[in-house]
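Here are a few exercises to work through with the model open on your screen. Try each task yourself before you read the solution.

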Amino acid sequence: MKLIDNWKQALKLKSVQVGALSAFFYALILFSEQFLSVWEVIPQELKNKIPENVAEWVGIFVGVAMVLARLKKQPELHTEIQPFVTVTAGHSNTDPGAVNGKYKEADLVVNFRNAVTHYLREAGLQVKTDGTGAKNDPLSAAVKLIQGSSVAVEFHMNAATSKQANGIETIALPKDKKLAQDLSKAVADALGSRLRGDNGWIDQSKSARGRLAYVNAGGLIVELGFISNEDELARFNARYWLAAKAVAKVLIEYEASK
């Protein structure tokens with residue numbers, strides 16, 4: 001390649017200076033993260049040996065690189081969709097749900113929600129809940145959490161006049177039939193209970209319970225057994241952590257398959 005005769009003079013041209021400056025910043029944007037990585041591993045004693053007049057320029061250069069690296073990453077934070085799982089507890093702190101002696105449905109399902117959330121987060125999933133600890137927000141708040149989630153599950157316990165009524169079921173729309181059956185089976189196996197409905201699935205459209213807001217919004221409602229059945233209640237209290245771990249496993253596998 002042959003340069004023009006007065007190529008040295010070309011460096012004085014504004015267009016050339018601007019082009020060179022643009023190329024410099026473009027390279028800095030491309031390699032800002034690599035530069036910072038190298039800078040971080042340089043021993044401090046070597047950094048201290050940099051002449052003071054040079055160190056000032058190096059400091060400016062490092063600062064600019066940090067800003068550019070931050071700006072380079074920023075679009076990813078806005079464009080990348082972060083899926084999450086919604087896990088909620090039925091009823092609320094002001095609505096106990098079904099009651100059997102000292103046991104309240106709302107309290108039992110909060111414990112279960114917390115256990116499932118623990119296992120999901122331990123596996124690295126992002127989870128949104130309707131409260132932490134003993135907090136249990138009302139249905140209106142739980143339904144709002146469903147929007148944007150990859151899957152939403154709420155926990156309840158059944159109750160019946162007959163003390164013999166028992167079993168596990170999950171109420172869901174037809175699109176979630178398989179997941180509903182898997183969730184019910186996981187709970188039933190852990191608690192030693194039986195499956196109700198269609199292998200654990202209750203089709204909301206064919207249920208006498210009417211149209212449940214949580215299910216209509218796209219969620220699934222898992223009935224963890226009958227609080228009115230003394231034996232089933234005792235097994236739930238003794239094994240709910242095992243059941244929660246089994247439910248979390250189903251949700252983790254469901255997320256991995258998507």
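**Exercise 1. Find how strand 6 is joined to strand 8, and in which sense the two run.**

Solution. This is a predicted model, so check the pairing on the display as you go.
- Start with strand 6, residues 169–172, and strand 8, residues 220–226. They are joined by 3 bridges and run antiparallel.
- For a landmark, pick Thr 170: across from it in strand 8 stands Val 222.
- Now look at what lies on the sheet here. Helix 7, residues 177–191, packs on it and touches strand 5 (151–158), strand 6, strand 7 and strand 8. The helix direction makes about 25° with that of strand 8.

**Exercise 2. Work out the order of the strands in the sheet, and why strand 4 and strand 7 each have one side without a neighbour.**

Solution.
- Trace across the sheet: the 6 strands come in the order 4-1-5-8-6-7. The sheet is open, and its pairing is mixed.
- Look at the two ends of that order. Strand 4 (127–129) and strand 7 (201–203) are at the edges and have a single partner strand each, so one side of each has no neighbour in the sheet.
- From one strand to the next, the twist averages 25°.

**Exercise 3. Decide whether the faces of strand 1 are covered or uncovered, and identify its partners.**

Solution.
- Take the residues of strand 1, 85–89: 5 of 5 are buried.
- Split them by side. Val 85, Val 87 and Ala 89 are on one side, Thr 86 and Thr 88 on the other, and all are buried, so both faces are covered.
- Next, the partners. Strand 1 runs parallel to strand 4, with 3 bridges between them; here Val 87 has Thr 129 as its bridge partner.
- With strand 5, the pairing is again in the parallel sense, over 5 bridges. Thr 88 faces Glu 154 in that strand.

**Exercise 4. Compare the length of helix 7 with the expected span, then list what its buried residues pack against.**

Solution.
- Helix 7 has 15 residues, and 21 Å separates its first C-alpha from its last. That is close to the 21 Å expected at 1.5 Å a residue.
- Colour the buried residues, among them Leu 179, Leu 183, Val 187 and Leu 191. The buried set also includes Gln 181 and Ser 184.
- These buried residues pack against strand 5, strand 6, strand 7, strand 8 and helix 9 (230–256).
- Past the end of the helix comes Gly 192, with a positive phi near 70°.

**Exercise 5. Do the same for helix 5: what span should it have, and which elements do its buried residues pack against?**

Solution.
- Helix 5 covers residues 105–122. Its 18 residues should span 26 Å at 1.5 Å a residue, and the end C-alpha atoms are indeed 26 Å apart.
- Its buried residues include Leu 108, Val 109, Phe 112, Val 116 and Tyr 119. Glu 105 and Arg 113 are also on the buried list.
- The packing partners of these buried residues are strand 1, strand 3 (103–104), strand 4, strand 5, strand 8 and helix 9.
- Just after the helix, Gly 124 has a positive phi of about 95°.

**Exercise 6. Classify two aromatic pairs by their geometry.**

Solution.
- A search of the whole structure gives 5 aromatic pairs. One of them is Phe 112 with Phe 155, 4.8 Å centre to centre with 70° between the planes. Planes over 60 degrees apart count as edge-to-face, and this pair is edge-to-face.
- Ask where the two rings come from. Phe 112 is in helix 5 and Phe 155 in strand 5, 43 residues apart, so this pair links distant parts of the chain.
- Phe 112 is buried at 0% relative accessible area, and Phe 155 is buried at 0% too.
- Turn to Phe 236 and Tyr 240: their ring centres are 5.7 Å apart and their planes at 20°, so the pair is stacked. Both residues lie in helix 9, 4 residues apart, about one turn of the helix.
- Phe 236 is buried at 1% relative accessible area; Tyr 240, at 17%, counts as buried because the cut-off is under 20%.
- Finally, put the rings together: Phe 112, Tyr 119, Phe 155, Phe 236, Tyr 240 and Trp 241 form one aromatic cluster.

Conventions. Residues numbered from 1 in each chain as written. Predicted model: local features only at pLDDT ≥ 70, side-chain atom pairs only at ≥ 80, totals over all residues. Heavy atoms only, no water. Pairing = 2+ DSSP bridges. Axes fitted to C-alpha atoms, helices over the stretch in contact; angles between N-to-C directions. Contact = heavy atoms within 4.5 Å. Buried < 20%, exposed > 50% of the residue type's maximum accessible area, 1.4 Å probe, protein only. Expected span 1.5 Å × (residues − 1). Phe/Tyr/Trp six-rings, centres within 6.5 Å; stacked < 30°, edge-to-face > 60°.
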